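Student: Could you take one part of this model and go through it slowly with me, explaining each term as it comes up? I would like to follow how the pieces fit together.

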Amino acid sequence: MPRPRLSRPDAAARLRPADRVATAALAVGLGSWLVATAASQHPHRAFDGLRRRDPIGLGLPNWRFFAPEPAQHDYHVLHRVLHADGTQSPWVETTTIATRRWSHVFFFADRRREKGLFDVAGELLTLMADPRIELTRTVPYELLRNAVELRVRADHRDGPVPRGFQFLLARHTGHDEAPEPDYLIASPFVALEDDQ
Amino acid sequence: MGGLRRRAARLVADALTPAPIGRDAAITRMERLSALTYLVASVEYLVRPGDRRRGGLNDWDIAKRTLHARMPRTARVVDVIARREVTTAMHLARCATALVLAGPRGGRTRGAGDALLAASSLALHTRHHNGTDGTDQVIFISMSGAALARALQRRPERVDAVLWTVALQTTMSYGLSGWVKLAGPSWRSGAALPGVARTRTYGDPRMWQLLTRQPRVARVLGYAVLAMECLFAVVYAGKGRIAPAWLHSTTLFHLINARVMGLGRFVTAFASMHSPVLYTSDARRRRALGDGEPPRDDTLPRVTAGLMAGAVGAGLFAQSGRRRRVLAGRDGQERFETRAGNVLALTRRGERGGDMPVVVFEHGLLCCAEFWHWSATALAEHCDVVTYARAGYGPSTYAPRRVNGSPRRTWSLDDAVADLVDLVRHVGSGRPIVLAGHSIGGWIALRAAHEAPAAIQGVALVDSSHPAEIQRSSRQAKGQEAITQNLVLMGPSLTLGLGPLLEPPEWLGLLPKSERGPLMDQYRDARLWQAGLREWRAVSSEFEAFTDGDLPRLACPILAVTAGYTALLDPIQEELHRELAAMSPHSEHVVVPRIDHERILFSQPAAETVAGHIRDLVVQLSPGPEERRAAPAPVTT
């Protein structure tokens with residue numbers, strides 16, 4: 001199979017002053033990006049001043065993987081339902097975390113969702129620390145609420161629509177089931193409309 | 001048998017000492033591995049459309065609000081990309097492009113394909129915001145690198161600049177990740193790997209059991225990971241001979257993570273960044289090797305080193321200017337030396353004289369005298385006020401006491417109390433003093449009032465600390481270790497000139513322009529954080545040792561002010577504030593509603609409310625008109 005080849009270099013053009021300036025500008029531009037990246041990896045997020053100018057999040061790579069502290073807990077979303085007849089269901093897990101399999105080495109479609117829960121939970125906990133913010137009107141709260149609502153409606157597709165549900169966000173130590181979970185945030189009662 | 005062994009030996013030899021890789025091969029390998037990762041990523045997205053519909057964590061109808069608030073024009077573009085058909089079409093286009101790149105097509109098609117995939121990252125990254133991970137960044141860099149390198153292919157020195165850039169990003173990716181891990185106590189103690197293995201999301205039950213039963217194995221593995229990352233730059237040493245072995249080790253690390261942590265995409269993503277490292281570390285490529293490729297141009301790392309030195313130099317230069325300004329202090333500041341040898345910078349306002357009480361403000365830990373601006377200015381319309389910076393803060397110097405040449409003893413709250421008592425006697429000139437303390441300043445003020453009861457005739461506590469708060473409030477106790485970890489790195493980071501990277505705190509805008517400059521100078525100067533760490537350590541250990549019942553009694557009136565949100569977030573705090581007020585038989589407790597611990601000073605209305613309460617206390621303590629007509633008895637100290 002013929003390998004793709006680079007075209008032959010243009011030797012004469014390289015010596016023109018305009019070309020040298022362009023080459024130098026490229027080096028300075030790329031070098032500046034490297035320096036900016038290095039300056040944005042401090043263990044304290046307080047020094048992420050340059051990152052504010054990269055709202056998309058791809059301009060300045062974040063190399064702080066599992067650093068300074070790695071994730072050592074799982075987040076769980078649980079909910080309970082108030083049925084149409086007034087009875088209450090026990091707390092159940094809204095979503096499950098996939099059991100580790102060999103196939104995950106090649107293909108793991110649920111990886112994004114599990115990581116997504118970490119992202120949403122992290123945002124919610126940060127917002128929770130500010131008492132001026134009304135949590136139930138924030139983006140991460142609404143995303144979780146809708147996720148629970150989807151599950152509740154799916155579970156009760158064949159029967160009367162429940163009056164509503166409540167959900168909570170918990171953090172637990174994964175395979176080490178000995179410690180008690182940390183119950184982080186409990187939602188107020190969410191009423192369900194009969195429109196579906 | 002012998003043939004198999006020979007073949008195996010040759011494979012190993014090829015892996016550890018490969019033939020020098022050329023530009024072309026480096027770009028193509030990077031491009032293909034990156035494309036493969038794009039392919040897998042897009043198929044994973046395509047089989048999970050529910051994640052993007054209502055109920056999914058990337059439901060754009062909800063998630064878009066964040067981007068619309070920050071960048072409305074970009075958000076409108078992403079709104080189009082986020083439409084179901086458009087997202088699906090983009091992922092399908094990605095898959096098709098990736099498959100083309102896997103094949104033999106050459107030249108311009110590859111460059112166009114690379115650019116398309118890189119652009120798709122930019123387009124889709126925000127749309128898929130929740131759930132993005134390191135691979136998205138890595139493949140964006142390797143694919144952009146490939147696109148740029150192919151566009152510049154007629155200029156080998158420019159291609160080399162691009163390949164060096166990707167290689168140096170890779171070096172930072174491993175290296176800095178390792179060094180930042182060293183700042184985490186879990187990594188240093190060896191608890192990190194078992195901790196991660198324990199999670200269901202990123203762990204594996206058998207690995208967790210193994211690491212928990214064999215803690216020494218866990219520690220050794222943890223240190224091995226740290227070494228492999230922190231020392232990555234070693235690939236450039238020794239003419240690059242160690243690079244192939246080191247890169248294979250990291251690939252093995254990624255393969256293990258793929259199985260144990262479910263991070264399959266990381267294998268191909270990071271492998272895509274390896275070929276530029278192989279190319280740039282190989283000393284053989286510095287010369288022409290007779291394969292038609294011109295020698296490698298190593299200008300880019302030199303330019304980068306120069307720019308880095310320039311940035312560090314600029315940071316250090318800015319830091320020295322900042323330090324000079326902080327030590328020079330503000331206009332009209334006086335200096336006063338305490339018995340301990342600390343020189344305190346103080347500002348007087350009012351200058352009425354007479355026999356009205358003087359209010360002296362005591363700031364909190366990691367705070368500045370300027371934090372009292374609104375309260376002091378409001379109060380200065382009615383009486384004389386003094387604000388000052390504790391030893392080590394702002395222009396005030398900290399002279400650790402040496403007794404007969406022996407090394408300094410550790411600072412304790414006693415030193416702050418002693419300095420305050422000295423200051424009070426200096427500024428009072430026989431007049432009664434009212435102390436107003438915020439946070440730890442409140443506790444210092446109470447102790448000073450206990451030391452000098454004749455001079456200090458009233459204490460106002462603004463969201464004050466209570467010595468039992470660590471023991472009685474679990475919320476306070478949990479925050480302790482984190483605070484120490486955070487503080488330890490601040491001073492050295494700022495000394496190294498990283499100040500400009502420190503974003504201004506969000507409350508800065510609440511203070512007038514005249515205060516913002518000096519405050520930012522102090523905030524970005526290491527002195528504030530060094531003083532804060534010194535005080536924090538002393539306060540932590542004293543509060544941990546505090547026994548209930550050790551609260552002294554005071555004769556002078558105490559006003560305790562609680563910030564509404566402090567009480568809301570931790571009701572025990574309000575209880576503690578009442579207890580502090582109850583140290584005196586003349587006590588009062590008020591709550592300033594809907595305000596937090598910091599804004600109670602920074603928000604002008606809240607600070608003026610506080611000033612109003614302090615003023616009431618001062619009026620209470622001021623001599624009445626009949627007493628003023630008579631000759632006042634001198635107040636003994």
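**Salt bridges in chain B and its contact with chain A**

Tutor: Let us begin with Asp282(B), which has a relative accessible area of 7% and is therefore buried; buried means under 20%, exposed means over 50% and partly exposed is in between, with a 1.4 Å probe and protein chains only. This is a predicted model, in which local features need pLDDT of at least 70 and side-chain atom pairs count only at pLDDT 80 or more, while totals for chains, interfaces and linings use all residues, and side-chain values use heavy atoms, with hydrogens and water left out. Residues are numbered from 1 along each chain as its sequence is written, and chains are lettered from A and ligands numbered from 1 in the order in which they are written.

Asp282(B) makes a salt bridge with Arg284(B), with 2.9 Å between the closest N and O atoms; such a bridge is a side-chain nitrogen of Lys or Arg within 4 Å of a carboxyl oxygen of Asp or Glu. The partner, Arg284(B), has a relative accessibility of 36%, so it counts as partly exposed.

Over all chains, the structure holds 51 salt bridges. One of them joins Asp160(B) to Arg23(B), whose closest N and O atoms are 2.8 Å apart. This pair links distant parts of the chain, since Asp160(B) lies in helix α8 of chain B and Arg23(B) in helix α2 (residues 23–46), 137 residues apart; helices (H or I, at least four residues) and strands (E, at least two) are DSSP runs numbered from the N terminus. Asp160(B) and Arg23(B) are both buried.

Helix α8 of chain B returns in a further pair, for Lys181(B) bonds in a salt bridge to Glu229(B), at 2.9 Å between the closest N and O atoms. Here too distant parts of the chain are linked, with Lys181(B) in helix α8 and Glu229(B) in helix α12 (residues 215–230) of chain B, 48 residues apart. Both Lys181(B) and Glu229(B) are buried.

Salt bridges also cross from one chain to the other. Between chain B and chain A the count is ten, and Arg112(A) with Asp133(B) is a pair whose side chains meet in this way, at 3.8 Å from N to O. Helix α8 (residues 156–181) of chain B gives the most to the side of chain B that touches chain A, namely 14 residues. Arg112(A) and Asp133(B) also belong to a network of salt bridges, in which they are linked with Glu44(B), Asp136(B) and Arg265(B).

What does the whole contact look like? Counting contact as heavy atoms within 4.5 Å, chain B puts in 114 residues and chain A 98 residues. The area buried between the two chains is about 9,600 Å², of which carbon and sulfur atoms give 62%; this is the accessible area (1.4 Å probe) that two parts lose on being put together, summed over both. In chain B, the residues that lose the most area to chain A are Leu57(B), Arg198(B) and Arg200(B), together 9% of what that side buries.
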